[in-house]
Amino acid sequence: MLDNFNHLVLPNINLLLRGLSVTAYVCFFAFLLAIALGSVACLVRLYVPFIRVVAIGYIEFCRATPIFVQLLWVNYVWPELFGFPKTVVGAGIIALALQSSGYLAETFRSGIEGLSKGQRDAGLAVGMTNLQIMRRIVMPQVVLVMAPSIVNQMTVVIKSSTLVSVIAIPDLMYEALKLVNTWFEPIEILTSTALMYIVAIFLISILAKRVSDHFRSKFGLAGLV
Amino acid sequence: MKRMAAIVRVVELRKSFGPLEVLRGITFDVREGSVLTIIGASGSGKSTLLRCLNYLEQPTSGEVYLDGKPIGFRIEADGRRAPDTAANISRMRAELGMVFQQFNLWPHMTVLENVIEAPIRVKRLARKEAVDLGRRFLSKVNLLDKENEYPARLSGGQQQRVAIARALAMQPKVMLFDEATSALDPELTGEVLEVMRALAKEGTTMLVVTHEMGFAREVSDRAIFLHNGQIEEDGPPARVFSAPTSERCRQFLSKVLH
Ligand SMILES: Nc1ncnc2c1ncn2[C@@H]1O[C@H](COP(=O)(O)OP(=O)(O)O)[C@@H](O)[C@H]1O
Ligand SMILES: [Mg+2]
């Protein structure tokens with residue numbers, strides 16, 4: 001087994017690492033886009049009454065559609081309908097972002113609604129505008145309080161990204177499957193691949209826990225929600 | 001030094017939440033430099049009254065004037081009342097400092113940042129100027145040494161003193177205190193009352209909702225007792241606290257005092 005590992009995985013490690021970097025790239029931009037879309041959806045849902053139903057529809061649609069369907073839909077249908085995305089990587093990023101943005105919008109909303117009314121009142125009482133209160137008081141606290149859920153969503157994006165190989169994005173999973181199909185030795189290759197995913201997600205979770213514990217003791221965030 | 005001008009004027013103020021009529025025609029004046037204490041049972045509308053003054057709640061009807069200027073509405077050229085703009089309402093609010101029962105400090109900002117936030121964002125002071133100002137008010141509440149702490153590291157009494165400094169830093173014309181010591185352990189109320197007492201001595205105009213009857217009697221120039229959304233008793237503290245004419249006020253006081 002170790003022998004197999006030595007001549008199957010090590011010589012191809014560069015290939016796997018290249019796949020991993022594609023995974024990282026896709027996940028990173030998908031997550032940034034998800035945060036942007038999720039913030040907009042959340043703010044519209046809370047504060048723009050006349051298109052509120054649009055935001056709710058968007059959020060529910062994103063959360064209800066399986067990622068596999070979204071990948072195929074964005075990759076094959078969007079170019080016909082909207083003329084973009086032009087690349088499979090673009091399609092993968094958008095599909096992953098769509099799904100996460102629905103969850104993040106709801107996370108942000110519960111963060112905003114969970115913030116005590118007194119926090120806002122204190123801002124209003126000193127003459128701050130609603131926009132200033134949103135930017136200076138509400139948003140920073142929502143991010144701090146929701147940091148664990150936000151990071152959790154990031155790990156979900158990484159897990160979902162294992163499906164982007166179906167639209168031929170050369171991510172870690174794609175490279176791994178290619179090796180398996182070349183050598184017909186799935187045990188070592190898939191085990192190594194699984195380990196890479198586990199380590200990546202584990203590192204992110206640990207880092208997030210460290211950071212959020214630090215915030216918690218520094219800002220007494222337990223008292224916020 | 002006390003002048004006779006009414007700095008706060010409340011006329012026939014009414015406030016309902018849906019079918020619940022909480023304030024049912026409240027009228028009073030507060031002279032500049034004086035301290036008005038508002039007492040009343042829980043749920044009698046004391047917080048609602050203070051919150052209507054700085055428009056955190058929109059009155060259902062009636063008027064509030066600060067230094068002669070209406071809060072929350074304008075009189076149009078043709079004499080009709082129109083709602084004021086959000087910007088004007090914010091500007092008026094900044095002239096009334098408010099201290100809340102739950103402190104409501106911003107936990108993600110240090111003590112000093114809490115105090116200078118509004119001077120910088122609302123008054124557009126330069127940061128350095130705001131810091132000087134902030135330190136001046138922090139030293140006034142004896143917390144200069146805590147300027148870099150986060151609120152979570154402070155005791156309740158310290159947090160409330162920071163909240164007072166935060167309100168003072170806007171240099172408001174009037175301070176509103178809504179049960180500033182009710183959330184504190186008994187051994188911590190003293191330090192907050194001390195600060196409030198000093199403010200009263202300096203001639204700060206204050207409207208104080210409190211259950212600390214000894215303190216109220218000592219610092220206030222006038223006390224009113226709210227019941228069922230109306231002023232049931234109104235007069236100098238010596239009379240309101242010792243010889244109230246209203247039976248309900250007597251009952252309330254005997255409950256609070258014993
Ligand atoms: N935002 C609100 N919506 C509905 N009812 C409210 C609201 N604020 C206060 N009330 C009600 O108004 C009444 C007076 O409340 P409040 O002014 O807080 O009394 P107090 O401060 O004297 O205890 C209570 O019955 C309370 O439930
Ligand atoms: Mg109250």
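A cavity, as the word is used here, is a set of grid points where a 1.4 Å probe fits but cannot get out, and in this predicted model the largest cavity has a volume of about 40 Å³. The structure holds three cavities of 30 Å³ or more. Residues from chain A and chain B line the largest cavity, with A:Ala122, A:Ala125 and A:Val126 from chain A and B:Met98, B:Phe100, B:Ala163, B:Arg166 and B:Ala167 from chain B. Two helices, α6 (117–125) of chain A and α5 (156–168) of chain B, each supply at least two residues of this lining, and the largest share, three residues, comes from α5(B). By class the lining of the largest cavity has seven nonpolar residues, no polar residues and one charged residue.

Helix α5 of chain B also holds B:Gly156, which counts as buried at 18% relative accessibility, because buried means under 20%. The C-alpha atom of B:Gly156 is separated by 7.3 Å from that of B:Leu188, although these two residues are 32 residues apart along the chain.

Chain A as a whole has nine helices and zero strands, so that its elements, read along the sequence, follow the pattern α-α-α-α-α-α-α-α-α. The C-alpha trace of chain A spans about 70 × 45 × 20 Å along its principal axes, and 44% of its 225 residues count as buried.

From the cavities we may turn to the pockets, where the largest has a volume of about 320 Å³. Of the 15 residues that line this largest pocket, those closest to its centre are A:Ile35, A:Val143, A:Ala147, A:Ile150 and A:Val151. The elements that give two or more residues to the lining are α2 (13–47), α7 and α9 of chain A, and the largest share, six residues, comes from α7(A). Sorted by class, the lining of the largest pocket has 13 nonpolar residues, two polar residues and no charged residues.

Nonpolar side chains also appear on the surface, where A:Phe61, A:Phe68, A:Val69, A:Trp73, A:Tyr76, A:Val77, A:Leu81, A:Phe82, A:Phe84 and A:Val166 form a patch with about 910 Å² of accessible area together. Helix α4 (residues 67–82) of chain A gives the most to this nonpolar patch, with seven residues. Another member of the patch, A:Val166, lies in the loop between α7 (130–160) and α8 (172–183) of chain A, and A:Val166 is partly exposed, with a relative accessible area of 36%.

The remaining features concern charge. Side chains of opposite charge can pair when their charged atoms come close. Counted over all chains, the salt bridges come to 31. In chain A, A:Asp213 forms a salt bridge with A:Lys209, with the closest N and O atoms 2.8 Å apart. These two residues are separated by about one helical turn, because A:Asp213 and A:Lys209 are four residues apart in helix α9 (residues 186–219) of chain A. A:Asp213 itself is partly exposed, with a relative accessible area of 38%.

In chain B, a salt bridge joins B:Arg9 and B:Asp29, whose closest N and O atoms are 3.0 Å apart. Because B:Arg9 lies in strand β1 (residues 6–17) and B:Asp29 in strand β2 (residues 20–31) of chain B, the pair ties together parts that are 20 residues apart in sequence. Both partners are partly exposed, B:Arg9 with a relative accessible area of 40% and B:Asp29 at 29% relative accessibility.

A further salt bridge of chain B is formed by the side chains of B:Glu202 and B:Lys140, at 3.0 Å from N to O. Here B:Glu202 lies in the loop between α6 (186–201) and β10 (205–209) of chain B, while B:Lys140 lies in helix α4 (residues 127–140) of chain B, so the pair ties together parts that are 62 residues apart in sequence. B:Glu202 counts as partly exposed at 49% relative accessibility, because a residue is called exposed when its value is over 50%, and B:Lys140 is likewise partly exposed, with a relative accessible area of 36%. Back in chain A, salt bridges that share partners join A:Arg45, A:Glu106, A:Arg109 and A:Glu113 into one network.

Notes:
Residues numbered from 1 in each chain as written. Chains lettered and ligands numbered in written order. Predicted model: local features only at pLDDT ≥ 70, side-chain atom pairs only at ≥ 80, totals over all residues. Heavy atoms only, no water. Salt bridge = Lys/Arg side-chain N within 4 Å of Asp/Glu carboxyl O. Buried < 20%, exposed > 50% of the residue type's maximum accessible area, 1.4 Å probe, protein only. Patch = residues over 30% accessible without salt bridge, like charges linked within 9 Å, V, L, I, M, F, W, Y side chains within 5 Å. Areas by Shrake-Rupley, 256 points an atom, 1.4 Å probe, with all protein chains shown as cover. 1 Å grid on protein atoms, 1.4 Å probe; cavity = no way out; pocket = protein on both sides within 12 Å on 5 of 7 lines; lining within 4 Å. Points joined across faces, edges and corners; volume = space filled by probe spheres on them. Nonpolar A, V, L, I, M, F, W, Y, C, P; charged D, E, K, R; others polar.
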